[in-house]
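Hi,

Here is the structure I promised to pass on. Have a look at it first, and my notes follow underneath.

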Amino acid sequence: MSSAGQLLIAGRIPGERIQTTVITADSATFTTTEIVVATGTAAPLVAGRIYMVVFDAGFQTTVDGILRVMIREDNLAGTSIQIRDFFIDNTGTASAARVEVEFEAQATGNKVFVATGDMLSGGGTANLNASGTLPSYLYVDYVRG
């Protein structure tokens with residue numbers, strides 16, 4: 001337990017959330033060209049520690065199809081650290097997509113993660129679907145190290 005006046009540093013307790021980005025607006029629509037659908041706030045990482053990066057979102061499409069979601073380091077051109085494909089149906093409501101990956105920090109400092117999406121099949125358009133009452137999330141938890 002901490003005491004009054006004690007300086008506390010994030011990322012010292014396994015399972016501790018160190019960064020959360022709440023997404024409350026739809027992304028741009030996309031087809032077979034990969035775009036960034038969410039950008040996380042910079043997370044304060046420590047070299048050699050393991051973190052869990054999670055993207056938990058809803059997507060909608062104009063036709064049934066296969067959606068590819070990736071978590072990348074830094075930006076659209078950054079290293080892809082996790083890829084997942086999801087079948088998304090055109091029911092008028094968002095379909096769930098959750099992507100998570102353990103990430104070992106190579107350097108101490110702030111790190112940004114982005115989530116990207118593109119359609120692998122289906123021929124229609126898709127977008128991340130989010131609002132103030134039905135948000136999506138991109139967050140980082142400290143795991144170990």
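Let me start with A96, which is exposed at a relative accessible area of 67%; here exposed means over 50%, buried under 20% and partly exposed in between, with a 1.4 Å probe and protein chains only. Before going further, the ground rules: this is a predicted model, where local features need pLDDT of at least 70, side-chain atom pairs count only at pLDDT 80 or more, and totals for chains, interfaces and linings use all residues. Residues are numbered from 1 along each chain as its sequence is written, and side-chain values use heavy atoms, with hydrogens and water left out.

**A96 and strand β7**

A96 sits in strand β7. Helices (H or I, at least four residues) and strands (E, at least two) are DSSP runs numbered from the N terminus. Setting aside neighbours within four places in sequence, A96 is in contact with A57 and F86, contact being heavy atoms within 4.5 Å. G58 is 38 residues away from A96 in sequence, yet their C-alpha atoms are 4.6 Å apart in space.

The side chains of β7 (residues 95-104) alternate along the strand. S95, A97, V99, V101 and F103 point to one face and are buried, whereas A96, R98, E100, E102 and E104 point to the other and are not. β7 runs antiparallel to β4 (residues 50-61), and ten bridges join the two; strands count as paired if DSSP finds at least two bridges between them. One of the bridge partners is S95 in β7, which goes with F59.

**The chain overall**

Zooming out, the protein chain has zero helices and eleven strands. The C-alpha trace spans about 55 × 30 × 20 Å along its principal axes. Of the 145 residues, 43% are buried. If you take contacts between residues at least 6 apart in sequence, 79% of them join residues at least 24 apart.

**R72, T21 and A126**

R72 is worth a click. Is this arginine buried or exposed? R72 counts as buried because its relative accessible area is 13%. It belongs to strand β5 (residues 65-73). The R72 side chain makes a polar contact of 2.8 Å with the side chain of E34, and it also reaches the backbone oxygen of G78 at 2.6 Å. (A polar contact is a pair of N or O atoms within 3.5 Å; within protein, one must be able to donate a hydrogen and the other to accept it, and residues adjacent in sequence count only if both atoms are side-chain atoms.) Beyond four places in sequence, the contacts of R72 include E34, G78, I81, F113 and V114.

T21, in strand β1 (residues 17-23), is buried too, with a relative accessible area of 11%. Its side chain reaches the backbone nitrogen of T41 at 2.8 Å. Not counting residues up to four places away, T21 touches T39, G40, T41, S136, Y137 and L138.

A126 is in strand β10 (residues 126-128) and is buried, at a relative accessible area of 1%. Leaving out neighbours within four places, A126 is in contact with A28, T29, F30, Q60, T61 and M119. From A126 to G15 the C-alpha distance is 33 Å, with their positions 111 residues apart in sequence.

**D74**

For a torsion to check, try D74, where phi is near 75°, a positive value in a residue other than glycine. Most residues other than glycine have a negative phi. D74 lies in the loop between β5 and β6 (80-88) and is partly exposed, with a relative accessible area of 41%.

**The cavity**

How many cavities of 30 Å³ or more does the structure hold? It holds one. A cavity, on a 1 Å grid over the protein atoms alone, is a set of points where a 1.4 Å probe fits but cannot get out, and lining residues have an atom within 4 Å of a point. Points are joined across faces, edges and corners, and the volume is the space filled by probe spheres set on them. The largest cavity contains about 30 Å³ of space, and its lining is Q19, G40, T41, V53, F113, L138, Y139 and V140. Strand β11 (residues 136-144) supplies the largest share of that lining, three residues. The lining divides into five nonpolar, three polar and no charged residues, with Ala, Val, Leu, Ile, Met, Phe, Trp, Tyr, Cys and Pro taken as nonpolar, Asp, Glu, Lys and Arg as charged, and the others, Gly among them, as polar.

Cheers

Note on methods: On a 1 Å grid over the protein atoms alone, a cavity is a set of points where a 1.4 Å probe fits but cannot get out, and a pocket is an open set with protein on both sides within 12 Å along at least five of seven lines; lining residues have an atom within 4 Å of a point.
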